[in-house]
Every structure is written in structure tokens, then in C-alpha cells.
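Ready for some guided practice in reading a protein model? Work through the exercises below with the structure open beside you, and try each task before reading its solution.

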Amino acid sequence: MSVQHFDPANGRSVQLDDIDWVEFPPGLSEGGIRWKLLNVAPEVGSWAAIYDCPKGSSFASHVHIGPGEYFLTKGHMEVRGGAEEGGVSVRAPAYGYEACQAYHGETNFLEDSEFYMTFLGPLNFVDGEGNTVALVTWETVQAAWEAATAAD
Ligand code: ZN
């Protein structure tokens with residue numbers, strides 16, 4: 001609907017229904033994940049977003065360079081390979097904290113799911129050998145969001 005303009009000097013709020021879902025970059029996910037960018041905070045290098053993840057969708061491998069906190073509002077999510085691989089499998093409603101340098105080889109959605117997450121510091125998307133595919137900072141996120149929503 002409208003492009004969000006972020007003014008780091010002020011607080012802000014977002015009515016989620018006022019923003020349309022945007023396709024998450026297919027190179028960094030599979031299965032039709034959509035997102036809404038809710039905030040960027042350059043003063044701390046963080047951003048916040050909500051994700052709509054259909055059953056069977058997944059995020060590509062990435063490392064959380066800084067910590068992140070999520071709130072799964074709907075569905076069923078496997079993080080860090082799920083419980084069988086030493087990670088976790090959570091059902092909504094669920095909260096989670098992902099530590100600095102947490103490696104998420106695969107994040108899978110076993111049901112239609114939705115979660116909110118705050119990222120403190122960049123996400124490093126990596127290939128099978130740990131090489132960077134995309135280093136995603138708050139600036140990258142804001143640029144991607146503005147490019148995606150400018151087309152409307
Ligand atoms: Zn992750």
C-alpha cells in the first residue's frame with residue numbers, strides 16, 4: 001500500500017492491516033514466504049518484521065550475526081533443524097531467542113505460520129560451505145522493502 005518512511009529520531013507505530021504483504025526474495029527462501037517490514041532502527045542496527053510462511057516453506061541457510069527474538073503467532077516452525085537435530089520445534093503461540101552467531105541451516109514451516117521477529121545486527125545468508133551469499137543489514141532490508149513497495 002504505502003512505502004514506510006523511517007525517521008530514526010522518533011518513535012513510530014504501524015497498523016499491520018495498512019501494509020500489503022510483499023514476496024520475500026526467492027533466492028533467500030522457498031515456498032512463497034511473504035513479509036512486512038515494520039521498523040528499522042539505524043541507531044542500534046536493528047529491524048523488525050513479520051513473516052507469512054505457507055506450509056512447506058523455508059528460509060535459506062543463514063547466521064544471525066547479532067541476536068534475534070521472535071514471536072510465533074500462528075503455526076509450527078522448526079529452527080536449527082528442529083528438535084531431532086538439536087534445534088527446536090515450536091508451535092504458536094511461542095517466543096524464542098536466537099543467540100549471536102546462531103546458525104540456521106534450515107528454518108522450516110510445517111503448517112501455515114506467521115511470526116514477528118526483531119533482528120539486532122545483520123543476517124549472513126551462506127551457502128553449504130559457509131560462504132556469504134547475502135549479508136543483510138538494516139540498510140539492505142530497508143532498500144529491499146522500498147524497492148518492493150515502490151512498484152505499487
Ligand atoms: Zn534465523
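## Exercise 1: A proline and its loop

P93 sits in the loop between strand 9 (88-91) and strand 10. This is a predicted model, so treat each value here as computed from its atoms.

Task: find out what the peptide bond from A92 to P93 looks like.

Step 1. Go to the loop that holds P93, between strand 9 and strand 10.
Step 2. Read omega for the bond from A92 to P93: the angle is near -5 degrees.
Step 3. Name the result: this peptide bond is cis.

## Exercise 2: Beyond strand 10

Task: describe the backbone and the accessibility of Q101.

Step 1. Locate Q101 in the loop between strand 10 and strand 11.
Step 2. Check phi of Q101, which is near 70 degrees. That is a positive value in a residue other than glycine.
Step 3. Look at accessibility: the cut-off for exposed is over 50%. Q101 has a relative accessibility of 52%, so Q101 counts as exposed.

Task: is G96 buried or exposed?

Step 1. Find G96 in strand 10.
Step 2. Buried means under 20% relative accessible area. With 6% relative accessibility, G96 counts as buried.
Step 3. Now look across to E69: the C-alpha atoms of G96 and E69 are 5.6 Å apart in space, although these residues are 27 apart in sequence.

## Exercise 3: The sheet of six strands

Task: work out the order of the open sheet that six strands form.

Step 1. Trace the sheet from one side to the other: the order is 1-3-4-13-7-10, and the pairing is antiparallel.
Step 2. Identify the edges. Strand 1 (22-23) and strand 10 each pair on one side only.
Step 3. Follow strand 3 (residues 34-41) alongside strand 4, where seven bridges join the antiparallel pair. Here N39 has A48 of strand 4 as its bridge partner.
Step 4. Move on to strand 7 and strand 13, which run antiparallel and are joined by six bridges. In this pair, F71 stands opposite Y116 in strand 13.
Step 5. Finish with strand 7 (residues 68-74) and strand 10 (residues 94-98): five bridges link these antiparallel strands. G68 faces E98 in strand 10 as its opposite residue.

A general point helps when you look at any such strand: in a regular strand, side chains alternate between the two faces of the sheet.

## Exercise 4: The zinc ion

Task: which residues coordinate the zinc ion, and how are its donors spaced along the chain?

Step 1. List the donors: H62 (NE2), H64 (NE2) and H104 (ND1) coordinate the zinc ion at 2.0 Å.
Step 2. Write their spacing along the chain, which is H-x1-H-x39-H.
Step 3. Place two of these residues: H64 belongs to strand 6 (residues 62-64) and H104 to strand 11 (residues 102-104), so the pair ties together parts that are 40 residues apart in sequence.
Step 4. Check burial. H64 counts as buried at 2% relative accessibility, and H104 is buried too, with a relative accessible area of 4%.

## Exercise 5: The sheet of four strands

Task: follow the open sheet of four strands from edge to edge.

Step 1. Read the order, 11-6-14-15, with antiparallel pairing.
Step 2. Mark the edge strands: strand 11 and strand 15 (132-136) each pair on one side only.
Step 3. Note the twist, which averages 20 degrees from one strand to the next.
Step 4. Zoom in on strand 14 (residues 123-126) and strand 15, an antiparallel pair joined by four bridges. F125 has A134 in strand 15 as its bridge partner.

## Exercise 6: The largest pocket

Task: what is the volume of the largest pocket, and which residues lie nearest its centre?

Step 1. The volume of the largest pocket is about 330 Å³.
Step 2. Its lining comprises 25 residues, and F24, Y51, F119, L123 and F125 lie nearest the centre.
Step 3. See which elements contribute: those that each supply at least two lining residues include strand 4 (46-53), strand 13 (113-120), strand 14 and helix 1 (138-150).

Note on methods:
Residues numbered from 1 in each chain as written. Predicted model: local features only at pLDDT ≥ 70, side-chain atom pairs only at ≥ 80, totals over all residues. Heavy atoms only, no water. Donors = N, O, S within 2.8 Å, 3.2 Å for Na, K, Ca; no water. Buried < 20%, exposed > 50% of the residue type's maximum accessible area, 1.4 Å probe, protein only. Pairing = 2+ DSSP bridges. Axes fitted to C-alpha atoms, helices over the stretch in contact; angles between N-to-C directions. 1 Å grid on protein atoms, 1.4 Å probe; cavity = no way out; pocket = protein on both sides within 12 Å on 5 of 7 lines; lining within 4 Å. Points joined across faces, edges and corners; volume = space filled by probe spheres on them.
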